[in-house]
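Here are my notes on the model, as numbered points. Please read them with the structure open.

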Amino acid sequence: MNINNENLIEDLVNQLEPKRFWPSQWRALSWLIVLLVLNSLAFLLYQQFRPGFLNDLLNYPRLAIEIIAATGLIFLIFYFSLSDLIPGKKITLSTKLFFSLFSAVLILSLYFSFSLPSPESSTLGARAFCVEEVLLYGLIGLFSCFYFIKRNDFPLSRKSYLLIGAGTMLVPGFLMQLACMYSPTHGLLLHYGPILFGLFFGFLFSLFNKVR
Amino acid sequence: MRGTKRHPLSTKVNEEIFISAQNQKTSLEELIERAQAGDSSAYREFLKSIYPYIQSALRQKLGSLVDQEDLAQECLVGIHKNLATYQPGKPVKPWVSAIIRYKLADHFRSLARKKEQTFSNLELDVTNVAEEPNEYDEAHHKDAVEILDKVPEKLRRAIELTHIKGLSYEEAAQKEGINEAALRKRISRGFSKIRQVVTKGMEI
């Protein structure tokens, strides 16, 4: 080992600070909780959630399944992306299967919202700017997540950028299903539609940042 | 194992290598875990022990010794920055290998960018000869002439007519007695040849 390397190692050793490994699942869970709380607060600042939304959740299993699947999917999206920041970390097959399962359940529940018993279509709790709200809160979440990721030395893959874009838009999207008026078409287009913007922004970020 | 007769010494040697590898593996993991807890001496020992592994991984991928040294140092810095991402209890070498892979990819990317830049600068310099002969740097001019000399005559003439003398493609094609498409093809092949020459020169 030459003198330059010895010096470099000494410099690195001098800069050493205790560092604790924080598992991806805990980090993903904390991201999910923080985003859910902040989004809900932002929703409440503007307008109350739809009256009786808790009863709807209990009385209509399809709606409950949709919300559970969306929450699980967001958690797994964050888990995938945060695991991608760990060098050499491999995603297990069971996690991938869960991811596919939650995605399939969410898509099917949205598909069946047109035929299965669902809360009656009404303008109860209608919000004047629901799509704008989803976009605004989603983009704030997306920028915050990318800010944390950018601080990391190990870069993400392009797939993870897209996933984070979709995941951060999905948070206000599924909350809006509980906060805004109920109509399957309205929900699909205006509450879940902005996910496409999330994917687009994720792709844009991947173009301007280092990818693996 | 029936029918194969092994030399008793070879089995013993293999076992020793295996045991020492196992011991090293265990000690590397212990060292990095202690480093995560803030133990400086363990961290120093870990970096020194992992350095030959990084070098040997890079030796397989890189030709230039200078690049190897630089990149090995970048890998050490990468390990330092990612120290918190090592998961205690997991093997350390896949973690280090992933950092090496990323640094290598980054290195090749920047190398490709540099070569591209050198080529476009060269193209710019060649164009400027006709426009600003007085301000043209003598050394660059000499380099460009040397590089152009290595390009086959037909291709070189096509580049000289269009990019140095400033003729339009139509005029240059007429002068060469060929059609415009053929001329464009010659120019493109000429620049590919220049790129090859420059790339070869950089590798040396």
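1. Start in chain A, with Gly202(A). This glycine sits in helix α9, which spans residues 195–208 of chain A. The model is predicted, and the points below should be read as such.

2. Is Gly202(A) buried or exposed? Count the neighbours: 26 other C-beta atoms fall within 10 Å. The cut-off for a buried residue is 20 or more. Gly202(A) is therefore buried.

3. Which residues does Gly202(A) touch, leaving out those up to four places away in sequence? The list is Tyr161(A), Leu162(A), Ile164(A), Gly165(A) and Ala166(A). Phe143(A) is a further reference point: it lies 59 residues from Gly202(A) along the chain, with 9.7 Å between the two C-alpha atoms.

4. Now chain B. Its secondary structure consists of eight helices and zero strands. In sequence order the pattern reads α-α-α-α-α-α-α-α.

5. Burial and contacts in chain B come next. The chain has 204 residues, and 23% of them count as buried. Take the contacts in chain B with a separation of 6 or more: 52% of these join residues 24 or more positions apart.

6. How many residues does each chain bring to the contact between them? Chain B gives 28 residues and chain A gives 19. On the chain B side, four helices each supply at least two residues: α1 (8–36), α2 (40–61), α3 (65–81) and α4 (92–131). By type, the chain B residues that touch chain A split into 15 nonpolar, ten polar and three charged.

Key: Residues are numbered from 1 along each chain as its sequence is written. Chains are lettered from A and ligands numbered from 1 in the order in which they are written. This is a predicted model: local features need pLDDT of at least 70, side-chain atom pairs count only at pLDDT 80 or more; totals for chains, interfaces and linings use all residues. A residue is buried if 20 or more other C-beta atoms lie within 10 Å of its own, exposed if 12 or fewer, and partly exposed in between; C-beta atoms are placed from the backbone. Two residues are in contact if their C-beta atoms, placed from the backbone, lie within 7 Å. Ala, Val, Leu, Ile, Met, Phe, Trp, Tyr, Cys and Pro count as nonpolar, Asp, Glu, Lys and Arg as charged, and the others, Gly among them, as polar.
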